[in-house]
Amino acid sequence: MRQGSIPGTHGRVRPLTLLGAPVLHTPCEDVTDFGPELARLVEDMFATMYAAEGVGLAANQVGVPLRVFVYDCPDDEDVRHRGHVVNPRLVEADGVVLRGPEGCLSLPGLEAGTERYDHAVVEGFTADGEPVRLHGTGWFARCLQHECDHLAGEVYVDRLRGWRRRRVLRQAARASWGG
């Protein structure tokens with residue numbers, strides 16, 4: 001039998017922030033208060049991520065400019081990784097650079113081949129202030145790098161060049177949510 005609650009079951013779904021919103025393009029602030037408001041934010045972020053059928057979500061994607069992200073993402077061996085990180089730091093991103101499909105809940109329905117390392121390590125804290133260190137490979141490494149980018153004020157489109165970037169920006173401008 002599972003101990004504890006399933007993340008997001010006590011949270012409320014918040015509206016997603018979409019490409020172009022200033023909060024997505026500004027570096028987030030460190031969390032300094034590890035109290036009940038932070039725990040509520042994490043629960044709401046899980047609920048929002050699951051409702052949107054995502055594998056990761058940064059706080060600025062729900063309009064909160066704090067350094068927090070949640071994830072429920074498999075790696076390339078189909079091992080499921082689920083949790084959250086407060087004040088994360090990407091301390092390693094190495095290995096082989098792979099171009100793979102990447103989407104984002106702040107650009108619904110769009111994706112593009114984006115280059116990422118196949119290994120990443122993130123350090124930070126839980127909502128209770130306990131230290132955490134995550135090792136990601138494959139798809140999970142991509143997720144960790146993607147969410148850390150969000151907290152630095154970047155979206156995956158910022159990593160694209162040439163025709164890939166132009167195509168996604170054109171699609172975003174034509175999307176029902178983009179204009």
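1. Let's start with the rings: this predicted model contains 4 aromatic pairs. In one of them, the ring centres of Phe-69 and Tyr-71 lie 6.1 Å apart and the planes meet at 55°, so this pair is classed as tilted. The angle falls short of the edge-to-face class, which needs planes over 60 degrees apart.

2. Both partners of that pair are out of the solvent's reach by the burial criterion: Phe-69 is buried at a relative accessible area of 0%, and Tyr-71 is buried too, at 5%. Phe-140 joins Phe-69 and Tyr-71 in one aromatic cluster.

3. Now for the nonpolar packing. The largest nonpolar core holds 16 residues, and Leu-38, Leu-41, Val-42, Met-45, Leu-57, Val-68 and Val-70 have the most contacts inside it. Helix H1 (36-51) and strand E2 (68-74) supply at least two residues each, with H1 giving the most, 6 residues.

4. Val-42 is a nice residue to click on. Beyond residues up to four places away in sequence, Val-42 touches Val-68, Val-70, His-84 and Ala-127. There is also a second, separate core of 15 residues, which includes Cys-28, Ala-58, Leu-134 and Cys-143.

5. Finally, have a look at Phe-125, which sits in strand E4 (residues 111-125). Phe-125 is partly exposed, with a relative accessible area of 33%. Outside its neighbours within four places in sequence, Phe-125 contacts Phe-34, His-84, Val-85, Val-86, Asn-87, Glu-130, Pro-131 and Val-132. For Asn-87, 38 residues away along the chain, the C-alpha separation from Phe-125 is 6.5 Å.

Definitions and conventions. Residues are numbered from 1 along each chain as its sequence is written. This is a predicted model: local features need pLDDT of at least 70, side-chain atom pairs count only at pLDDT 80 or more; totals for chains, interfaces and linings use all residues. Side-chain values use heavy atoms; hydrogens and water are left out. Rings of Phe, Tyr and Trp (its six-membered ring) pair if their centres lie within 6.5 Å; planes under 30 degrees apart count as stacked, over 60 as edge-to-face and the rest as tilted. Buried means under 20% relative accessible area, exposed over 50%, partly exposed in between (1.4 Å probe, protein chains only). Helices (H or I, at least four residues) and strands (E, at least two) are DSSP runs, numbered from the N terminus. Contact means heavy atoms within 4.5 Å. A nonpolar core is a set of buried Ala, Val, Leu, Ile, Met, Phe, Trp, Tyr and Cys residues joined through side-chain atoms within 4.5 Å.
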